[in-house]
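Colleague: I am new to this structure and would like a close look at one part. Could you walk me through the place where the chains meet?

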Amino acid sequence: MKTTDTPPALREEGGVPGQRVAKTDGGGTPEAKRGEGHVLNVFSHGVLVIWAVLVILPLFWAVMSAFKSDKAIFNSPWALPDSLSFDAWGRAWNQAHMSEYFLNTVLVVGGSLVGTLVLGSMAAYVLARFDFPGNRFIYFLFVGGMSFPVMLALVPLFYVMDNMGLLNTIHGLILVYIAYSLPFTVFFLTSFFRTLPTSVAEAALIDGASHTRTFFQVMLPMAKPGLISVGIFNFLGQWNQYMLPTVLNTDPDKRVLAQGLVELSTSQGYKGDYSGLFAGLVIAMLPVLAAYIVFQRQVVAGLTAGALK
Amino acid sequence: MQHGKYRFIVGFLIAPMALYVIFVVWPFIQSIYYSFTDWTGLSPDFEMVGFDNYTKMFKDDIFWKSLEHSVLLAVLLPLVTLGLALFFAFMLNVGGRRRKDAVISGVRGSGFYKIAYFFPQVLSIAIVAILFQFAFDPAQGMINGSLKAFGFDHDLPNWLGDPKLALWCIMAVLVWCTTGFFVVLFSAGMASIPKDFYEAALLDGATRFTTFFRITLPLLWDTVQSGWVYMGILALGAEGFAVVNIMSVGPGGPDYSTTVLPLYVYQAAFRDGQAGYATTIGVALLLVTLAFAAVVMKLGRRERLEY
């Protein structure tokens, strides 16, 4: 057994790793280990496959249902659609106002994302790089916001927005999205700016650049990887936001995608048009799924670097 | 120079601070103040009522039910999600042993699994909730449809309509959409554990169980702990609210079997016109969240392992 296993390894990788493998296989009782490994492999592979199926099937079901007639959705949930009918897609896009919700979402998320990155990096830069009284206090004020339940603040916030005339407006929603994205953004970017070398910024200052110019022309370009990570994190968070618009944005014309879909799935007028609803769901899912498949690495890195540091 | 520095600091901080204080900090402070008033939210008049709202809350059955459900979510959900994620991540990174020449490696196809498992994480929680609301539909949904296809015809469960099952269905959905994130997160953590540790253990004849409990888990403990807090806060807050508000009958039903604290705050404030009382429940939610984070941090404290 050893003679068939190890030589190719030695040839391919050369010396050390191959020998180590040979040692582990040789030490102990190879037969017993192989047995344990085999049973475990079958078991663990089984579980892994089951979970993959559990994750993919519901999404697959949704996409398939969007092409079917309502009757076919109920009678044969797993049959492939007879023909590709795009009727439901047209209904969802036009009659069910998905196009408007889509546009609203793009406006809100576009505005908030730019605002979050600009304001977040400005605050983070100052907090990371300058020593001034109150620095720690402001930092913890921002970071503390991460652990508080948003729902508590939403009740008074509703009336604050009402008094300022910001309720049910796109710009009002943008301002609130930015404010609630700041805690994490500031937290993440502060630690990021601390890791950047100081010498470049100092050189720029000695050459006569102002602090503002140093920030925009030297530090911000250097912080690009951090901005991308935190940008992806905020993009997904803001695109998928549900609680804030539900409370603060009750005007039917200003709905964002998530809201519009929920409304569709519960309102009487559309009860019964299941294929239309599924088409709406898929329309809302596709952009992020496509983006995820294309930018898979960046998304994963952005989200995981984001969550815990 | 010094003068310019402070002008710069103030100039850069003023806009983010203003937004943050107006829309986040100030409402938080206000909500604690409002919790001592009888404010309805409908009219501008209200009076201080002392601790009336708090005594009312302690006698409120619905509050206790939602508290129970929220605590259940915060404790059970991370347990299941993180447990599953740890198992998957271990299999995907360390589980497939003696393949190729690497000392440790994932099982075959681990790259694909990591991509697939992460899918639900990028979807909006609202979309996920709508999708599963249909999947759970007793007459026409995917789940009972599949059961029928396997030959189960009688007494199919009325998933979200059954008070005994509804909360479990909702938990299953939350597990479904968060597990993949932690798989990827733990994978990143496992990748940073030095290979020599595994090598040494393997030389000593360690099985996969020993490897996991003696090497992987202890070295990953910090990540697991912060994952627990993160997941608990999600379950107590926005995600828990979204799933219950969209999926459950009522919402919060049937028979208050799925009401959670954030949903109850929302309903009291914007449906029942009891803004003052709603903020009282919100304060309770805040305390539960802080207590949860403190308990997890305290219980989970271990000596930090350096490597």
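Modeller: Happy to; here is a look at the interface and a patch beside the topic. This is a predicted model, in which local features need pLDDT of at least 70, side-chain atom pairs count only at pLDDT 80 or more, and totals for chains, interfaces and linings use all residues. Residues are numbered from 1 along each chain as its sequence is written, chains are lettered from A and ligands numbered from 1 in the order in which they are written, and side-chain values use heavy atoms, with hydrogens and water left out.

Let us begin with the contacts (heavy atoms within 4.5 Å): 101 residues of chain A touch 97 residues of chain B. Together the two chains bury about 9,000 Å², meaning accessible area (1.4 Å probe) lost on being put together, summed over both. Carbon and sulfur atoms give 81% of that area. On the chain A side, helix α3 (residues 30-65) makes the largest share, 20 residues; helices here are DSSP runs (H or I, at least four residues), numbered from the N terminus. That side of chain A divides into 79 nonpolar, 14 polar and eight charged residues, where Ala, Val, Leu, Ile, Met, Phe, Trp, Tyr, Cys and Pro count as nonpolar, Asp, Glu, Lys and Arg as charged, and the others, Gly among them, as polar.

Between chain A and chain B there are zero salt bridges (a side-chain nitrogen of Lys or Arg within 4 Å of a carboxyl oxygen of Asp or Glu).

Now for the partner: chain B has 12 helices and zero strands (E, at least two residues), and its C-alpha trace spans about 80 × 75 × 30 Å along its principal axes.
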